[in-house]
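Here are my notes for you to read with the model open beside them. Take the points one at a time and find each piece on screen before you move on.

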Amino acid sequence: MPMVEQARYVELTEVSKVYRDGTAEAIEAVSSVSFTVPLGQFVAVLGPSGCGKSTLLMMVGGLEALTAGRIAIGGKPMTGPRDSIGIMFQDATLLPWKSALDNVLFPIRVLKRPQDAYRDTARQLLERVGLDGFMHKKPHELSGGMRQRVAICRALVYDPELLLMDEPFSALDAITRDEMNELLLDLWQQYTKTALFVTHSIREAVFLADRVLVMTRRPATIVEDLTIPFARPRSMSIGESREFNEICGHLRERIEESHHRERGQRAEPSVARRELVG
Amino acid sequence: MTAEYQATSRIAVAPARLPRRAVPASQHLRRLRPVILPVLTGGAVLLVWQLLVAALRIPAVILPPPVEIAQELWRVLPLLLRHAVPTTLDSLMAFFAATALGVGLAITITYSPFLRDMLYPNLVFFQLIPKIALAPLFVVWLGISSESRVAFAAFVSFFPIVISAAVGFANIEASALRLCRSLTASEWQCFLMVRFPFALPAIFSGMKVAMTMAIIGVIIGEFISAKAGLGFYILYASSRMETAVIFAALLVLCIIGVTLFGAVALAEGLVRRVYGRR
């Protein structure tokens, strides 16, 4: 891959999405978003629910049409879904009649690649996420966290270059969520895919990403692009450091500012918040 | 304090004691209740029937006693079985035709919004017409051959299949389809791998209704036009005032109905083993 394409592996130019719902007024879900992601970077898109970040991600995945603008991945403009992209959705979306292993192999079947060649990869991935004993269990026999682990394996099994994650752990309880974050970081360090991770959790974004993009509701665009300085490999303990909490505080302020603007108030960070941030 | 102590000690002792206790006979009976109770009820009804007919001196032409029906059944059984053959075959043919056409039309409706808007309301409307009233029309159109009866029975049993299959195809989890599309699957792959398996329970519930409807359709057809078949034979026996023979024929018809319905249910069970949610 040429150097330019590596530096701008994912490239969004003035991307907009407008929903026209019958006669009702048009809703601008995404408004003129531009950013680039270099190859191998983990980027989190952080924003409140309903700010259009999921729509943005689906457009990058080729699952939603753009109203305006241009998305290119690896230098080629997106026209539809690609097999070089792996997607994790909010729910695990496992096929209920297939075992964990067969669910992981589902993309291989769809892509008409030889299943036998990938069976070992699938097994290794499942072992890697701690599901050794659950390969032949059906989804209803697995816990919510286990199902999302299967979904991670399914997104990785066909070795995509880009991993898109749409709040994949938002339905899990806090403890399981922390576990999954650690696991994801661990996996990502091993496979180093370029990753776009959509979340509404500030701590999750800061913990996982190299870079956090803050998206607001009005306007539905990127208002902050922050590089996260923590070295890798990271561990959960960085969450207790002062720097980590400062970054979180800063991001929270940016989100709150846009909230105030939405309500027609002047953006002014609260005193209490400033104290908390230190 | 004492109460608490007692409670804990009771809990600690209970698991050790429970398995040792012999299962009382009443518990066995309760477990067999779903089998014993209906059989006993049926037997009681037959007994009351037998006694009532004797006590009130009801003529056998009006209501023959069960014992006489059994005797008649034994006498005319070879004849009844011969007449059962066309009834069974016609019902099966009608059922398979209805299934193929029904599922086919449901697929068409699923993939063509235009055809869905055009046909679906009319199908629901037709579902409400007492279709049995149309039986004479089939004689006018297709004559008194077996094909005419099969066509009528297929027509009658076709509606439950289309409606339930269409609902099954439409009620698929949107996220599963999105997953499929994200993996660059073709529409046909999505259908085979996701939509069809998801719709199977709905299709089977339609098929079970259709199986009973097909038998009803064939019997109605035989009432009107046939020279053989159980429907014909029931009409023939009624013209000769052989009421016990009518009951005997009904019994054979019942057995055919239960067998064919059971076959569909069995097929459903086999399919569920592969595509079951659990």
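The points below go through the two domains of chain A, its two sheets, the meeting of the chains and a helix pair in chain B.

1. Before anything else, keep in mind that this is a predicted model. Everything here describes that prediction.

2. Start with how chain A is divided. The domain assignment gives domain 1 as 3–84 + 160–176 + 184–235, and domain 2 as 96–159. So when you colour by domain, remember that domain 1 of chain A is written as those three stretches. The centres of domain 1 and domain 2 of chain A, taken over C-alpha atoms, are separated by 25 Å.

3. How many residues of each domain are in contact in chain A? There are 11 from domain 1 of chain A, and they touch 11 of domain 2 of chain A. On the domain 1 side, helix α7 (residues 174–191) of chain A gives the largest share, which is four residues. Sorted by class, that side has nine nonpolar, one polar and one charged residues.

4. Now look for the four-stranded sheet in chain A. This open sheet has its strands in the order β2-β1-β4-β5, and the pairing is antiparallel. The edges are β2 (27–37) and β5 (76–77) of chain A; each has a single partner strand, so one side of each is left without a neighbour in the sheet.

5. Zoom in on one pair from that sheet. Strand β1 (residues 10–19) of chain A runs antiparallel to β2(A), and seven bridges join them. If you want a landmark, try Tyr19(A), whose bridge partner in β2(A) is Ile27(A).

6. Chain A also has an open sheet of six strands. Follow it in the order β6-β7-β8-β3-β9-β10, and you will see that the pairing is mixed. Its edge strands are β6 (85–88) and β10 (222–227) of chain A, each pairing on one side only. On average, neighbouring strands in this sheet are turned by 15° against each other, direction ignored.

7. Which way do β6(A) and β7(A) pair, parallel or antiparallel? β6(A) pairs with strand β7 (residues 162–166) of chain A in the parallel sense, over four bridges. One spot to click on is Met88(A), with Met165(A) as its bridge partner in β7(A). Lying across β6 and β7 of chain A is helix α6 (residues 144–156) of chain A, which runs at about 170° to β6(A).

8. Next, see where the chains meet. In this contact, 19 residues of chain B touch 16 residues of chain A. On the chain B side, the elements giving two or more residues are α7, α8 and α10 (243–275) of chain B. The largest share of that side, seven residues, belongs to α7(B). The chain B side divides into 10 nonpolar, five polar and four charged residues.

9. Finally, stay with α7(B) and look at its packing inside chain B. Helix α7 (residues 174–182) and helix α8 (residues 187–225) of chain B pack at about 165°, with their axes 10 Å apart. That angle is why α7(B) counts as roughly antiparallel to α8(B). The crossing of these two helices is right-handed. Ala176(B), Leu177(B), Cys180(B) and Arg181(B) make the contact from α7(B), while α8(B) brings Gln189(B), Cys190(B), Met193(B), Val194(B) and Phe198(B). By class, this contact has seven nonpolar, one polar and one charged residues.

Note on methods
Residues numbered from 1 in each chain as written. Chains lettered and ligands numbered in written order. Predicted model: local features only at pLDDT ≥ 70, side-chain atom pairs only at ≥ 80, totals over all residues. Axes fitted to C-alpha atoms, helices over the stretch in contact; angles between N-to-C directions. Parallel < 35°, antiparallel > 145°, perpendicular 65-115°, else oblique. Left-handed = near helix turned anticlockwise from the far one by under 90°. Contact = placed C-beta atoms within 7 Å. Nonpolar A, V, L, I, M, F, W, Y, C, P; charged D, E, K, R; others polar. Pairing = 2+ DSSP bridges. Domains from an automatic or database assignment.
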